[in-house]
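Got your viewer ready? Load the model shown below and we'll walk through a few selections together.

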Amino acid sequence: MNRLVPITSKEDIPLEYRETPVGHLLEYHNLERDLDSCTSAELLIGMCMDNRKHLHIPENFAFIIRTGGANLRYSEFKVSYAISVGGIRSIALIGHTQCGMVNLIARKDQFVQGLVKGAGWQEQSAEEHFSHYAPMFEIGNEIDFVLSEVKRLRLRYPKILIAPLMYRVEDNRLYLVQESAGGAG
Ligand SMILES: [Zn+2]
């Protein structure tokens, strides 16, 4: 977790993000900045579907795409839409600690039995379902994944400002993810 940069004052926000929608997100959520009135969306937020997270942001401030693990690989049309039609020029990709999309294989039995008992699936169908989709949705490690996903999105949308963030469910705060100077940026 030493790659997480705490944001406890405006000066902690790197200049590249300060006075951008990403910086404003950090100010709203972490620094109790007064909620501005927004007439249109300024930011696209990608975040996990996990129930333990709530963002303190103004109404109308952001489009939000929620997926398992903040994985936007299968949401590209919606990202493109938020940029082209929605007019946003900044994306905050927010991973979080204790994400359920890490080490999915450890929950295979729970997944299969949950579908059988809870949803009325046949066991074989549930197993095939898991085997087919788990590799697509597994994220490996929360921090590494958010960095690699940001890297991918920057290549795909080169004029858009894209920031890797983490939400710690332990304290409900947002952190910037440090991008190493050695390349993984
Ligand atoms: Zn998650």
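Which residues coordinate the zinc ion? Select Cys48, His96 and Cys99: the donor atoms are SG of Cys48, NE2 of His96 and SG of Cys99, at 2.0 to 2.3 Å. Keep in mind that you're looking at a predicted model.

Now colour along the chain. The zinc donors are spaced as C-x47-H-x2-C. Cys48 sits in strand S2 (residues 43-48), while Cys99 is in the loop between strand S4 (90-96) and helix H3 (108-119), so this pair, 51 residues apart, links distant parts of the chain. Switch on a surface and check both cysteines: Cys48 is buried at 4% relative accessible area, and Cys99 counts as buried too, at 7%.

Next, select Glu142, in helix H5 (residues 142-156). What is the nearest side chain of opposite charge to Glu142? That's Arg52, 7.8 Å away, and buried Glu142 has no salt bridge. Look at the backbone instead: the Glu142 side chain reaches the nitrogen of Gln98 at 3.3 Å and that of Cys99, one of the zinc ligands, at 3.2 Å. Show the neighbours as sticks, and you'll find that Glu142 touches His96, Thr97 and Val102, among others.

Last stop: helix H2, residues 76-84. Pick out its buried residues, Val79, Ala82 and Ile83. They lie on the same side of H2, because they cover an arc of only 100 degrees around the axis. That buried set packs against S2, strand S3 (62-67) and S4. Spin the view to the face turned away from the buried side, and there are the exposed residues Phe77 and Ser84.

Technical notes. Residues are numbered from 1 along each chain as its sequence is written. This is a predicted model: local features need pLDDT of at least 70, side-chain atom pairs count only at pLDDT 80 or more; totals for chains, interfaces and linings use all residues. Side-chain values use heavy atoms; hydrogens and water are left out. Donors are N, O and S atoms within 2.8 Å of the metal (3.2 Å for Na, K and Ca); water is not among the atoms, so sites may look incomplete. Helices (H or I, at least four residues) and strands (E, at least two) are DSSP runs, numbered from the N terminus. Buried means under 20% relative accessible area, exposed over 50%, partly exposed in between (1.4 Å probe, protein chains only). The arc is that of the directions from the helix axis to the C-beta atoms. Contact means heavy atoms within 4.5 Å. Lys and Arg count as positive and Asp and Glu as negative; His and the chain ends are not counted. A salt bridge is a side-chain nitrogen of Lys or Arg within 4 Å of a carboxyl oxygen of Asp or Glu. A polar contact is a pair of N or O atoms within 3.5 Å; within protein, one must be able to donate a hydrogen and the other to accept it, and residues adjacent in sequence count only if both atoms are side-chain atoms. Lists of a residue's contacts leave out its neighbours within four places in sequence.
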